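User: I would like to go through some of the labels attached to this structure. For each one, please set the value against its definition.

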Amino acid sequence: MQTVYNTYSLEKESFTPIEKGKVRMYLCGPTVYNYIHIGNARSTVAFDTIRKYLEWRGYEVNFVSNFTDLGDKVIAQGEKEGLTEEEVADKYADAFLEDAAALNVEPASSRPRATQFMEEMVAFVEKLMAEGMAYEVNGNVYFRTNQFKDYAVLSHQNMDELKKNAAGRLDGDDQDEKENNTDFALWKKEVRPDVTAWPSPWGPGRPGWHLECSVMNDVLLGETIDIHAGGIDLAFPHHTNELAQSESYHGKTFVNYWLHNGFVNVNDEKMSKSLGNFITIHDLLEDDSIEPQGLRYFLVKTHYRRPVAYSRDRLDQAQQELDKIYRTMRALAKKAGAAGEVDAAVAAQLHLLEERFIGAMDDDFGVENALTVVFEGLTLANRSLEEGQSEATVQLIEQKLAEWLHIFGVDNFEESRELPTEAKALLEERAQARKNKDFAKSDELRDQLKELGILVKDGRDGQSVEFI
Ligand SMILES: [Zn+2]
């Protein structure tokens with residue numbers, strides 16, 4: 001039975017989707033004004049893994065994740081780069097999709113942009129106003145938080161704490177205009193001449209960020225959805241406000257399960273621009289010594305609710321683990337085939353491993369325990385290869401491991417890393433030495449390559465290499 005930890009109840013709950021066999025899932029996507037950082041990537045990768053697991057278990061997942069393609073950050077970046085707001089949004093939306101593809105993230109079922117839903121957003125606000133849940137002051141519209149009885153629940157703070165924190169958290173709003181300082185903007189007036197504004201009954205302006213997600217959920221997934229996901233920093237105010245708006249609008253539960261991922265710390269400090277440890281995926285992937293799949297694997301191997309501790313050493317350790325997986329998967333691929341019978345004992349062991357794998361993942365997507373099972377599967381694979389098991393047995397092991405690994409985004413078992421230039425030169429030199437039968441030189445070069453982390457093997461077709 002699938003269980004998920006619901007931030008709303010702070011409990012693990014059994015997962016029952018609204019429609020049998022189908023999951024309606026929404027992940028808050030990035031504001032597209034810059035390259036995504038490793039924290040954004042963690043959220044993207046964690047929920048891609050959860051989606052892939054649910055799909056592997058037979059659910060049809062309607063996975064919606066948005067782009068926020070408007071607002072102050074987009075405007076400011078446009079001014080900095082001499083681009084229009086639309087050009088900024090296009091540039092960084094493309095960059096996000098490129099990074100996500102490199103991290104082997106499955107494309108979303110829909111990837112809506114906030115600017116495509118302006119009419120629906122205005123209509124949403126009009127209805128809230130008609131019901132007394134919102135009020136207009138000077139071209140701005142605010143949500144009346146004290147009219148919504150469960151406003152503070154998802155934040156797990158009491159109203160007094162929220163009021164105290166609100167001024168700092170709900171920046172950008174004009175506090176003097178509000179009836180209560182926890183009230184938040186649904187619509188913001190915009191009168192600057194060079195900035196995009198949309199028409200509304202309250203004058204030109206643009207929607208508040210929270211409203212965007214409520215409306216895109218409503219239009220694309222319906223009144224109540226199964227899973228709403230995002231980073232834990234979004235629980236308040238963003239998700240708290242989405243919940244208040246949507247439930248006021250429909251008078252129904254908005255989300256059955258709220259799932260939040262933990263932070264990424266960099267070199268044991270919180271990542272922030274001021275500490276200078278703000279790492280973008282774009283920069284990381286510019287470095288040829290980092291393999292995108294290694295980065296994906298590093299991000300995915302920590303349970304989604306726990307913090308990920310990033311350091312270059314830990315990333316390299318993850319890459320080494322992944323290389324072990326590659327080596328075994330490549331060895332299996334070489335031997336797999338249709339010939340022979342499937343060994344009953346091996347099949348039985350695989351079946352037991354799969355039960356444990358499912359047990360681990362069904363328990364709030366316990367990737368750490370599930371990966372332990374994968375590594376036991378790899379041990380079984382290596383033993384079966386040593387024992388000279390039949391092609392059919394090897395093929396069965398390969399298929400099962402590939403299915404499990406796919407959930408973590410590990411799909412491509414071919415060596416994809418570029419050899420460093422230095423290593424290429426040493427390999428050429430070594431090939432020449434072997435041609436000249438200078439085996440002392442050849443051995444010496446092999447040792448030098450080993451120091452670079454590259455293992456050389458000699459076969460009938462010449463030298464082949466593996467990363468150690
Ligand atoms: Zn959102």
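The questions below take up helices, a sheet and two charged residues.

Analyst: This is a predicted model, in which local features need pLDDT of at least 70, side-chain atom pairs count only at pLDDT 80 or more, and totals for chains, interfaces and linings use all residues. Residues are numbered from 1 along each chain as its sequence is written, and side-chain values use heavy atoms, with hydrogens and water left out.

User: Why is E368 called partly exposed?

Analyst: Buried means under 20% relative accessible area, exposed over 50%, and partly exposed in between (1.4 Å probe, protein chains only). E368 has a relative accessible area of 29%, so it is partly exposed. E368 belongs to helix α12 (residues 367-386); helices are DSSP runs of H or I with at least four residues, and strands are runs of E with at least two, numbered from the N terminus.

User: Which residues does E368 contact, leaving aside neighbours within four places in sequence?

Analyst: Contact means heavy atoms within 4.5 Å. On that basis E368 is in contact with K301, T302, H303 and R306.

User: What makes α1 largely enclosed by the rest of the structure?

Analyst: Of the 19 residues of α1, 16 are buried, so the helix is largely enclosed.

User: How does the reach of α1 compare with what is expected?

Analyst: The expected span is 1.5 Å times one less than the number of residues. For α1 (residues 38-56) that gives 27 Å, and the helix reaches 26 Å from its first C-alpha to its last, which is close. After α1 comes G58, with a positive phi near 100°.

User: What is the charge situation of E212?

Analyst: Glu and Asp count as negative, Lys and Arg as positive, while His and the chain ends are not counted. A salt bridge is a side-chain nitrogen of Lys or Arg within 4 Å of a carboxyl oxygen of Asp or Glu. The nearest side chain of opposite charge to E212 is R206, 7.4 Å away, so buried E212 has no salt bridge. E212 sits in helix α6 (residues 209-220) and touches, among others, T68, L70 and M121.

User: Why are β5 and β8 said to stand at the edges?

Analyst: The open sheet has four strands in the order β5-β6-β7-β8, with antiparallel pairing. β5 (134-137) and β8 (205-207) each have a single partner strand, so one side of each is left without a neighbour in the sheet.

User: How many bridges join β6 and β7?

Analyst: Two strands pair if DSSP finds at least two bridges between them. β6 (residues 140-143) and β7 (residues 184-189) have three, so they count as paired, in the antiparallel sense. V141 stands opposite W187 in β7.
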